[in-house]
Amino acid sequence: MTSKNTICLWYDGDAVEAANFYAETFPDSVVHAIHRAPGDYPAGKEGNVLTVEFTVAGIPCLGLNGGPHFKHSEAFSFLIATDDQAETDRLWNAIVSNGGQESECGWCKDRWGLSWQIAPRALTEAVFGPDRAAAKRAFDAMMTMKKIDIATIERAVLGRD
C-alpha cells in the first residue's frame with residue numbers, strides 16, 4: 001500500500017471474500033493485491049491468504065485474516081453518502097441481502113459484522129440545515145426508520161408528515 005494511513009479490518013479467514021464484495025458493491029472500490037503468509041502464524045499456515053489490499057469508496061483498507069479473536073463493532077463504521085433513493089436502496093439491499101442485517105436510522109451490518117451507515121445526502125442536509133424546526137422534523141422521521149426513505153425525510157422537512 002502506498003497510502004500513509006490505511007484502515008486495517010480484521011477477518012476470520014474471509015478477507016478476500018469481503019474485499020471482493022465491497023469492490024463489486026461500492027463505487028470507487030477495488031481489490032489491489034492479495035498477500036500470502038510466508039510462514040505459519042496463529043490463525044493460519046504458510047501460503048494462506050494473510051492480507052488483502054483493497055479500496056472501499058475511495059478509502060484504502062487492508063483486510064487481515066487474523067482469526068476469530070477480534071470482532072467488528074459499531075464503534076467503527078463506514079459512512080456512505082448516497083445521492084438518491086435508488087443508490088440508497090441498492091447499497092442497503094446489497095449489504096442486507098448478502099447475509100447482513102438491518103439496524104436503525106440508516107445503519108446496517110454486513111455478513112462479516114462490519115457496520116455501514118447508508119446516509120442519503122438529503123438526510124444530512126435536512127438534519128444539519130439552518131432551519132432547526134425542519135431539522136428536528138427530519139431527525140424525528142429518521143428515528144422511526146431502518147433504511148432511510150428520502151421522500152419521507154423531504155415531507156418531514158416541509159412539515160407534511
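Here are a few notes on one sheet, a buried aspartate and two salt bridges.

1. Before you start: this is a predicted model, where local features need pLDDT of at least 70, side-chain atom pairs count only at pLDDT 80 or more, and totals for chains, interfaces and linings use all residues. Residues are numbered from 1 along each chain as its sequence is written, and side-chain values use heavy atoms, leaving out hydrogens and water.

2. Look at the sheet. Four strands (DSSP runs of E, at least two residues, numbered from the N terminus; two strands pair if DSSP finds at least two bridges between them) make an open, mixed sheet in the order β5-β8-β7-β6. β5 (77–82) and β6 (101–102) are the edge strands with a single partner each, so one side of each has no neighbour in the sheet. β6 pairs with β7 (residues 107–109) in the antiparallel sense over two bridges, and Q101 has K109 as its bridge partner in β7.

3. Now find D110, in the loop between β7 and β8. D110 is buried (under 20% relative accessible area, 1.4 Å probe, protein chains only) and has no salt bridge (a side-chain nitrogen of Lys or Arg within 4 Å of a carboxyl oxygen of Asp or Glu). The nearest side chain of opposite charge, R111, is 7.5 Å away.

4. K109 does form a salt bridge, with E74, at 2.6 Å between the closest N and O atoms. K109 sits in β7 and E74 in the loop between β4 (59–65) and β5, so the pair ties together parts 35 residues apart in sequence.

5. One more: R121 and D83 form a salt bridge, with their closest N and O atoms 2.6 Å apart.

Technical notes. Buried < 20%, exposed > 50% of the residue type's maximum accessible area, 1.4 Å probe, protein only. Lys, Arg positive; Asp, Glu negative; His and termini not counted.
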